[in-house]
Amino acid sequence: MVIAKCGCEFSTNQSLVDKVRELAAQDKQMSNPALIDCECGKQIEMTTLVYKCPHCKMTYAVTPCSADDHNFIVKAGIDY
Ligand SMILES: [Zn+2]
């Protein structure tokens, strides 16, 4: 279970990504881009609400309501 800052609940990280895409918010800019140490060993800067690591394609996402808090970023799998 994943809980967003607004209280929205998602059964999986993937369903959170689906929701952001449903809201057409996947390309929305992060107000505060997140530096992430990706599991591929590279440091990436997440600039949009759904972001794929340019090196390994790991997909990261955050809901619009939680975008200012990097603790709410989830990992949804490679090339999700
Ligand atoms: Zn990566």
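Visitor: What makes D79 count as exposed in this predicted model?

Guide: D79 has 10 C-beta neighbours inside 10 Å, and because a residue is exposed if 12 or fewer other C-beta atoms lie within 10 Å of its own, D79 falls in that class. D79 lies in the segment after β7, and its phi is near 55°, a positive value in a residue other than glycine.

Visitor: Why is A24 called exposed?

Guide: The reasoning is the one used for D79: A24 has 8 other C-beta atoms within 10 Å, and the limit for an exposed residue is 12 or fewer, so A24 is called exposed. A24 is found in the loop between α1 and β3, just after α1, and takes a positive phi of about 55° there.

Visitor: What makes a positive phi worth pointing out in residues other than glycine?

Guide: Most residues other than glycine have a negative phi. A24 departs from that sign, with a phi near 55°, and K57, in the turn of the hairpin formed by β5 and β6, has a positive phi of about 70°.

Visitor: Why is A25 called partly exposed?

Guide: A25 has 17 other C-beta atoms within 10 Å, and since a buried residue needs 20 or more while an exposed one has 12 or fewer, A25 falls in between and is therefore partly exposed. A25 is found in the loop between α1 (13–22) and β3 (29–37), and, leaving aside neighbours within four places in sequence, A25 is in contact with V20, L49 and P64.

Visitor: How do you know that the buried residues of α1 line one face of the helix?

Guide: The buried residues of α1 are L16, V17 and V20. Seen down the axis of α1, these residues fall within an arc of 100°, so they line one face of the helix. The buried residues of α1 pack against β1 (2–3), β2 (9–10), β5 (50–52), β6 (58–61) and β7 (74–78).

Visitor: How do you know that β5 and β6 pair, and in which sense do they run?

Guide: Two strands pair if DSSP finds at least two bridges between them, and 3 bridges join β5 to β6, so the two strands count as paired, and they run antiparallel. In β6, the bridge partner of Y51 is Y60, and the hairpin formed by β5 and β6 has 5 residues between the strands.

Visitor: What makes β6 and β7 a pair as well?

Guide: β6 and β7 are joined over 4 bridges, which meets the requirement of at least two, so these strands also pair, in the antiparallel sense. M58 stands opposite I78 in β7.

Methods
Residues are numbered from 1 along each chain as its sequence is written. This is a predicted model: local features need pLDDT of at least 70, side-chain atom pairs count only at pLDDT 80 or more; totals for chains, interfaces and linings use all residues. Two residues are in contact if their C-beta atoms, placed from the backbone, lie within 7 Å. The arc is that of the directions from the helix axis to the C-beta atoms.
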